[in-house]
Amino acid sequence: MDQEKSLNNSLSRLLERAFLKGRRQLYFSTILRESNLPSELVEGTLFSFFQSGAVEGSLELRCPECGKDLGEYKKLSEMPQEVECYICDAKIPRSFDYVELVVHLKGDTFFREHRNPPSDDFGANNR
Amino acid sequence: MISELITDSDEISKLIRACFETKDSEEKGKLLERTFESIVHIDPRLQIVRKHLRTATGELDYVVRHSIGDAFWKQSPYFVAECKNWKNPIEPEQLHHFLTLVRDSGPMCILGIYVTTSHLTPASWTAIRDARLRDGIITVVIDKKTIPKLPNGLGGLIPRLYEAQAFRADDLSK
C-alpha cells in the first residue's frame, strides 16, 4: 500500500511538472524513461489515473518503415483493418504492435489534490 | 492475505471445490481470489500488474497484462478482472460498476473478466451486450458453471466463453 502511494505521488509529480511546462501529452515510453520505474508499476498507476479521469489515453499509429505519424485513435477498434502509409506505401495492419500509448494531461489540479503528504513522497519538495 | 499460490491444475481443482463447499463468505472470497491468482500465475503469458486498485469509482480486483498472441487476445493487451463471491444472481445494478471500470480503463484495455460463484440474470447479460455495442468493451463472465473449467487456463477458455456469451446475450435481447 505504501509502495502504491509512493508510486502515485511520484507519477503525479512527474505529470504535474510536465503540465506546468506546457506539455499536454506524453508518450508512455517518455513516462517510463523519465520516471525510471519498472513498466508494470507505471502501467498499474496509469490505470488509476485513467479511471479517475485525470488523464486520457489515445493510440498513435506510426509507420514501422519510415516512422511517419499516421494519426491518433481513441481505441484500436477505431483503426481501419489496414492503413497504407502515404509516404512510403507500407501497409500496416491494425495491431497494438504499431501504436504507442499517448497520455493526455487534462490539468494539474488533480495531481496536486491527490498527492499524499510529503512523508510518503520520496522526500521531494512539496508545493 | 492470500496464501501461497498453487501451480498444479489438480490442486487448483481442489481449491475450486473448497470454494464452493465452504459456507463462510469471507473464506469463499479468499479462495476465489486465490484460485484466480493461481490460474494467472501458472500461465507465463499473464502478469498481474496491480491488485486491489483503488479508483475514483471503487476498487478493481486485478489489472492483468498478457502476451497471448491470438486474434481475440490481441484486441486488448490488458484486462481487468473482478472476483465476486455473492450468493444471489448478479443484477445489472451490481454489474454496472464493473462495466464502468472496464470502460474507463484507457485505450489499452477493452476486456473485463467477471468471476462469480453465482450467475447473471438475463437483464445483466443484456447490460453486457449493450456495453459491447455502445462502448466497444468485451466482458466475459466466468460463473458457477464455468469456474470448474478454470484449471484449463484462461488462454483458450476466455475466447470460447466470449463467443458463446456474445451470442447468448444477442438471443436474450430478441
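**Exercise 1. Determine how many residues each chain brings to the contact between chains A and B, and describe the side of chain B.**

Step 1. The contact takes 21 residues from chain B and 20 residues from chain A, where two residues are in contact if their C-beta atoms, placed from the backbone, lie within 7 Å. This is a predicted model, in which local features need pLDDT of at least 70 and side-chain atom pairs count only at pLDDT 80 or more, while totals for chains, interfaces and linings use all residues. Residues are numbered from 1 along each chain as its sequence is written, and chains are lettered from A and ligands numbered from 1 in the order in which they are written.

Step 2. On the side of chain B that touches chain A, β1 (46–55) and β2 (58–66) of chain B each supply at least two residues. The largest share of that side comes from β1(B), with 6 residues. Helices (H or I, at least four residues) and strands (E, at least two) are DSSP runs, numbered from the N terminus.

Step 3. Sorted by class, the side of chain B that touches chain A has 9 nonpolar, 7 polar and 5 charged residues. Here Ala, Val, Leu, Ile, Met, Phe, Trp, Tyr, Cys and Pro count as nonpolar, Asp, Glu, Lys and Arg as charged, and the others, Gly among them, as polar.

**Exercise 2. Work out the strand order of the sheet in chain B and what packs on the sheet.**

Step 1. The sheet is open, has 5 strands and mixed pairing, and follows the order β1-β2-β3-β4-β5 in chain B. Strands pair if DSSP finds at least two bridges between them. The edge strands of chain B are β1 and β5 (138–142), each of which pairs on one side only.

Step 2. From one strand to the next, the twist averages 25 degrees. Axes are lines fitted to C-alpha atoms, for helices over the stretch in contact, and angles run from 0 to 180 degrees between N-to-C directions.

Step 3. Helix α3 (residues 39–52) of chain A packs on the sheet and touches β1 and β2 of chain B. The direction of this helix makes about 40 degrees with that of β1(B).

Step 4. β1(B) and β2(B) form a hairpin with 2 residues between them and pair in the antiparallel sense over 8 bridges. B:Lys51 has B:Tyr62 in β2(B) as its bridge partner.

Step 5. β2(B) and strand β3 (residues 78–84) of chain B run antiparallel and are joined by 4 bridges. B:Val64 stands opposite B:Phe79 in β3(B).

**Exercise 3. Find which residues have the most contacts inside the largest nonpolar core.**

Step 1. A nonpolar core is a set of buried Ala, Val, Leu, Ile, Met, Phe, Trp, Tyr and Cys residues joined through C-beta atoms within 7 Å. A residue is buried if 20 or more other C-beta atoms lie within 10 Å of its own, exposed if 12 or fewer, and partly exposed in between, with C-beta atoms placed from the backbone.

Step 2. The largest core has 68 residues, and those with the most contacts inside it are B:Val63, B:Phe79, B:Val80, B:Ala81, B:Ile113 and B:Val115.
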